[in-house]
Amino acid sequence: MNLSFEDLITELAIALEVPAASLTENTCASDLEQWDSLGHISILAHLDRKYDDVTENCPDLASATSVKEIFMILNEQPG
């Protein structure tokens, strides 16, 4: 997958219902109140809808705890 940080931040902001400006490449789950266990499920569900069930091929997304980690996992995927 060829995803930019900007695109990922936009999608994470939508999933977490936060302003995109509150997210950076270095944002971790512990940095945002909204990125709790339910927030993480929202992220996974949103990414699945947006990128055709991507979590099926990326089980590591379930344990990812930062924007950078999600970015790296997604960009390891072909397509």
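The expected span of a helix is 1.5 Å times one less than its number of residues. I begin there since helix H2 is my subject this morning. The model on the screen is a predicted one.

H2 runs over residues 37–50. With 14 residues at 1.5 Å each, H2 should span 20 Å, and its end C-alpha atoms are indeed 20 Å apart, so the two values agree.

Let me turn to the two ends. At the N-terminal end, aspartate 36 acts as the cap of H2, with a side-chain oxygen 3.2 Å from the backbone nitrogen of leucine 38. After H2 comes aspartate 52, whose phi is positive, near 50 degrees.

Which residues of H2 are buried? They are Gly39, His40, Ile43, Leu44, His46 and Leu47. These residues cover an arc of only 165 degrees around the axis, and therefore lie on the same side of H2. An α-helix has 3.6 residues a turn, so residues three or four places apart point the same way. The buried residues pack against helix H1 (5–16), helix H3 (54–57) and helix H4 (67–75). On the other side of H2, the exposed residues are Ser37, Leu38, Ile41 and Arg49.

I close with one residue of the buried set, histidine 40. Its relative accessible area is 11%; because the cut-off for buried is under 20%, histidine 40 counts as buried. A polar atom of the histidine 40 side chain lies 3.0 Å from the backbone oxygen of leucine 61. Beyond its neighbours within four places in sequence, histidine 40 is in contact with Trp35, Leu61, Ala62, Ser63 and Ala64.

Definitions and conventions
Residues numbered from 1 in each chain as written. Predicted model: local features only at pLDDT ≥ 70, side-chain atom pairs only at ≥ 80, totals over all residues. Heavy atoms only, no water. Helix = DSSP H or I, 4+ residues; strand = E, 2+ residues; numbered from the N terminus. Buried < 20%, exposed > 50% of the residue type's maximum accessible area, 1.4 Å probe, protein only. Polar contact = N/O pair within 3.5 Å; in protein donor to acceptor, adjacent residues only side chain to side chain. Contact = heavy atoms within 4.5 Å. Arc of directions from axis to C-beta.
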